[in-house]
Amino acid sequence: MADRILHRFNFAERIVHWVVGVTFVLLLATGLAFAYPALFWLTALLGGGPSARVLHPWVGVLFGIGMVFMIAIWIRDMFLSDTDWRWLGAVRHYATRDSANVPPAGKYNAGQKMFFWFQGLLAVVFVVSGVLLWFPASFGAGLLQWMRLAHYFATLGGGLLLIVHVYLGTIAYPGTARAMIDGTVTERWARHHHPGWHEEQTGG
Ligand code: HEM
């Protein structure tokens with residue numbers, strides 16, 4: 001029997017996700033370039049050193065706006081249910097692909113929900129510290145030093161989370177990336193990865 005197609009993300013959700021995704025990658029690359037001379041070549045993504053220095057905070061503004069929309073659109077779906085807490089307790093079975101022992105996930109599994117909350121928190125750290133660092137003349141040297149540290153550690157944390165997120169959404173689980181490209185997934189994918197959501201969508 002042909003595998004039916006289910007609709008997972010609408011156009012607005014995908015646009016918001018990709019504004020956040022593209023701006024985040026640009027910020028990460030240029031931020032690392034400012035911190036590590038060996039990575040300076042990455043400033044080419046924003047037109048070279050001087051223009052990257054000017055554009056980085058403006059791309060940050062776009063990222064911040066994107067995150068506000070992302071949080072507004074998805075927050076209702078991201079609170080952890082009892083099943084999600086059990087899913088977290090069984091995460092080793094998820095990691096070893098022993099799906100018989102993984103509690104059924106809804107539209108998002110608990111790992112995806114945690115990722116949403118961590119990235120939301122990091123976005124606040126990025127934006128607050130970034131704005132202060134953008135206008136250094138208005139703040140004391142001690143505060144700016146803390147902001148530099150916060151911005152730096154948020155970069156490392158956000159970068160590591162992004163690597164895991166991209167890996168899980170592409171290489172680890174084929175059939176997932178299309179959800180963020182044309183908005184659809186196959187019914188088989190949904191039944192396997194998000195049985196609770198599959199049931200809601202198909203009634204069985
Ligand atoms: C740049 C490369 C990125 C790729 C290839 C990518 C890929 C994906 C894919 C395929 C999904 C759908 C997962 C599903 O249907 O279950 C997704 C969802 C999501 N993405 Fe991304 N993404 C990227 C960047 C980002 C960034 C930078 C953020 C936030 C800072 C982000 C936040 C989210 C969130 C919150 C979701 C919904 C929950 C989840 O699936 O984890 N993504 N992404």
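Which residues of the largest nonpolar core touch the most other members? Keep that in mind while you load the model, which is predicted.

**Whole chain**

Start with a cartoon view. The chain holds 8 helices and 2 strands. Read from the N terminus, the order is β-α-α-α-α-α-α-β-α-α. Along its principal axes, the C-alpha trace spans about 65 × 30 × 30 Å. Now colour by burial. Of the 204 residues in the chain, 21% are buried. Then turn to contacts between residues at least 6 apart in sequence: 60% of these join residues at least 24 apart.

**The largest core**

Select Val20, Phe24, Leu27, Phe63, Met67 and Met70. These answer the opening question: within the 14 residues of the largest nonpolar core, they touch the most other members. Colour α1, α2 (49-74) and α5 next, since each gives two or more residues to this core. The top contributor is α1, with 6 residues.

**Leucine 27**

Centre on leucine 27, in helix α1. Is leucine 27 buried or exposed? It counts as buried because 22 C-beta neighbours lie inside 10 Å, and the cut-off for buried is 20 or more. Show its partners beyond four places in sequence: leucine 27 touches His56, Val59, Gly60 and Phe63. For a longer view, draw a C-alpha to C-alpha distance from leucine 27 to leucine 144. The two are 117 residues apart in sequence and 19 Å apart in space.

**Helix α2**

Move to α2 and show its ends. At 1.5 Å a residue, its 26 residues should span 38 Å; the end C-alpha atoms are 36 Å apart, which agrees. Now look along the axis for a kink. A kink of about 35° lies at leucine 55, shortly before proline 57.

Select the buried residues of α2: Ala52, His56, Gly60, Phe63, Gly66, Met67 and Met70. An α-helix has 3.6 residues a turn, so residues three or four places apart point the same way. The buried residues of α2 pack against α1 and α5.

Stop at two methionines. Methionine 67, setting aside neighbours within four places in sequence, is in contact with Val20, Gly120 and Ala123. Methionine 70 also lies in helix α2. Methionine 70 is buried, with 20 other C-beta atoms within 10 Å. Beyond four places in sequence, methionine 70 touches Val16, His17 and Val20. Now add leucine 42. From methionine 70 to leucine 42 is 28 residues in sequence and 27 Å in space, C-alpha to C-alpha.

**Helix α5**

Select α5 (110-134). What span should the 25 residues of α5 have at 1.5 Å a residue? The expected figure is 36 Å, and the end C-alpha atoms are 35 Å apart, which agrees. Its buried residues are Ala110, Lys113, Gln119, Ala123, Phe126, Ser129 and Gly130. Show α2, α3 (82-89) and α6 around them: the buried residues of α5 pack against these helices.

Step back to the loop between α4 (91-95) and α5 and pick arginine 97. Arginine 97 has a positive phi of about 60° although it is not a glycine. Arginine 97 is exposed, with 9 other C-beta atoms within 10 Å.

**Around the ligand**

Select the ligand and expand to its shell. There are 20 residues around it, and the closest are Gly21, Phe24, Gln112, Gly169 and Ala179. The elements that give two or more residues to this shell are α1 (11-35), α5 (110-134) and α6 (141-172). Colour the shell by residue class: 11 are nonpolar, 8 polar and 1 charged. Phe24 belongs to both selections, being among the closest residues to the ligand and a member of the largest nonpolar core.

**Valine 185**

Finish at strand β2 (residues 184-186), where valine 185 is found. Valine 185 counts as buried, with 24 C-beta neighbours inside 10 Å. Leaving aside neighbours within four places in sequence, valine 185 is in contact with Leu6, Arg8, Gly175, Arg178, Ala179 and Ala190. Last, add aspartate 77. Valine 185 and aspartate 77 are 108 residues apart in sequence and 19 Å apart in space, C-alpha to C-alpha.

Terms used. Residues are numbered from 1 along each chain as its sequence is written. This is a predicted model: local features need pLDDT of at least 70, side-chain atom pairs count only at pLDDT 80 or more; totals for chains, interfaces and linings use all residues. A residue is near a molecule or strand if its C-beta atom, placed from the backbone, lies within 6 Å of it. Helices (H or I, at least four residues) and strands (E, at least two) are DSSP runs, numbered from the N terminus. Ala, Val, Leu, Ile, Met, Phe, Trp, Tyr, Cys and Pro count as nonpolar, Asp, Glu, Lys and Arg as charged, and the others, Gly among them, as polar. A nonpolar core is a set of buried Ala, Val, Leu, Ile, Met, Phe, Trp, Tyr and Cys residues joined through C-beta atoms within 7 Å. A residue is buried if 20 or more other C-beta atoms lie within 10 Å of its own, exposed if 12 or fewer, and partly exposed in between; C-beta atoms are placed from the backbone. Two residues are in contact if their C-beta atoms, placed from the backbone, lie within 7 Å. The expected span of a helix is 1.5 Å times one less than its number of residues. The bend at a residue is the angle between axes fitted to the seven residues ending there and the seven starting there.
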